[in-house]
Amino acid sequence: MDDVFADLFEANARYAAASHEVAPSGVARRGLGIVTCIDSRIDPLAVFGLVPGDAKILRNAGARVTPDVLRTLALAAAALGVTRIAVVQHTDCKMASAPRDELVAAVADATGRQPVGFEPLAIDDHASTLTHDVAAVLDSPLIPDGTVVAGLVYDLHSGRLHTVVEPQPR
Ligand SMILES: [Zn+2]
């Protein structure tokens, strides 16, 4: 198993050998929090014109607002400079194309066990899910008043962002 991550260490040796800028603190320089999907075709820094140090980027399957996303956003807003939050779903998302039961069955097949209590948080449609998730952030008592939250969809193929839920302050 020693060589499972060998490619990462090889690349990292090259990275560490070159100079790289480190922001003076972990505060999000542009006050931005982004919740987006784990889809490996999304390059958040490039999509949003960011560099390391600019933003807090949270990723999970489907870009869903879960208790741990709220925990992280609360800390990002309280201690790390986040004042605006974009929840960004995307086109051609597995979480939107596969029905909930198929996602549960995939986990059961992969493990050979029934995933008791597992909820994949599948996306029925982007607009209603984003409306729900933006409201979950805005309604959270953990988020400071004045924090602005929006719901966006990123089109993988055109590269464009579309506003689905207009920015609104808590
Ligand atoms: Zn996705």
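1. Arg64 is buried in this predicted model, with a relative accessible area of 9%. Its side chain meets that of Asp133 in a salt bridge, for which the distance from N to O is 2.7 Å. Because Arg64 lies in the loop between S2 and H3 while Asp133 belongs to helix H6, the pair ties together parts of the chain that are 69 residues apart in sequence. Asp133 also counts as buried, at 0% relative accessibility, and Arg64 is in addition one of the residues that Val35 touches.

2. A second pair to look at is that of Asp54 and Arg29, whose side chains meet in a salt bridge at 3.2 Å, N to O. This pair links distant parts of the chain, since Asp54 sits in the loop between helix H2 (44–48) and S2, whereas Arg29 sits in the loop between helix H1 (6–17) and S1, 25 residues apart. Asp54 counts as buried, at 5% relative accessibility, but Arg29 is partly exposed, with a relative accessible area of 45%. Salt bridges with shared partners join Arg29, Arg30 and Asp54 into one network.

3. The side chains of Arg41 and Asp92 form a further salt bridge, at 3.0 Å from N to O. Here too the pair links distant parts of the chain: Arg41 is in the loop between S1 and H2, and Asp92 is in the loop between S3 and helix H4 (94–97), 51 residues apart. Both partners are partly exposed, Arg41 with a relative accessible area of 44% and Asp92 with one of 47%. The count of salt bridges comes to nine, and the pairs described in these points are among them.

4. For the chain as a whole, the model has six helices and five strands, which follow one another along the sequence in the pattern α-β-α-β-α-β-α-α-α-β-β. The C-alpha atoms fill a box of roughly 50 × 50 × 35 Å, taken along the principal axes. Of the 170 residues in the protein chain, 36% count as buried. Among the contacts with a separation of 6 or more, 60% are between residues 24 or more positions apart.

5. The largest nonpolar core has 39 residues, and within this core Val35, Leu73, Val88 and Val137 touch the most other members. At least two residues of this core come from each of strand S1 (32–37), strand S2 (55–60), helix H3 (67–79), strand S3 (84–90), helix H6 (126–139) and strand S4 (148–154). S4 gives the most to the core, with five residues. When residues up to four places away in sequence are not counted, Val35 touches Leu58, Ala63, Arg64, Val69, Leu73, Ala86, Val87 and Val88; Leu73 and Val88, named above for their many touches within the core, are thus among the residues that Val35 touches.

6. S4 also takes part in a hairpin, where S4 and strand S5 (residues 161–169) pair in the antiparallel sense over six bridges. One of the bridge partners can be named: Val148 is matched with Pro169 in S5. Between the two strands of the hairpin there are six residues, and Gly159 takes a positive phi near 80°.

7. Helix H5 (residues 100–111) can be read for its two sides. This helix has twelve residues and reaches 17 Å from its first C-alpha to its last, close to the 16 Å expected at 1.5 Å a residue. Leu103, Val104 and Ala108 are buried in H5, and because they cover an arc of only 140° around the axis, they lie on the same side of the helix. Asp109 and Ala110, on the other side of H5, are exposed. What do the buried residues of H5 pack against? They pack against H4. Just after H5, Gly112 takes a positive phi of about 75°.

How values were computed:
Residues are numbered from 1 along each chain as its sequence is written. This is a predicted model: local features need pLDDT of at least 70, side-chain atom pairs count only at pLDDT 80 or more; totals for chains, interfaces and linings use all residues. Side-chain values use heavy atoms; hydrogens and water are left out. A nonpolar core is a set of buried Ala, Val, Leu, Ile, Met, Phe, Trp, Tyr and Cys residues joined through side-chain atoms within 4.5 Å. Buried means under 20% relative accessible area, exposed over 50%, partly exposed in between (1.4 Å probe, protein chains only). Helices (H or I, at least four residues) and strands (E, at least two) are DSSP runs, numbered from the N terminus. Contact means heavy atoms within 4.5 Å. Two strands pair if DSSP finds at least two bridges between them. A salt bridge is a side-chain nitrogen of Lys or Arg within 4 Å of a carboxyl oxygen of Asp or Glu. The expected span of a helix is 1.5 Å times one less than its number of residues. The arc is that of the directions from the helix axis to the C-beta atoms.
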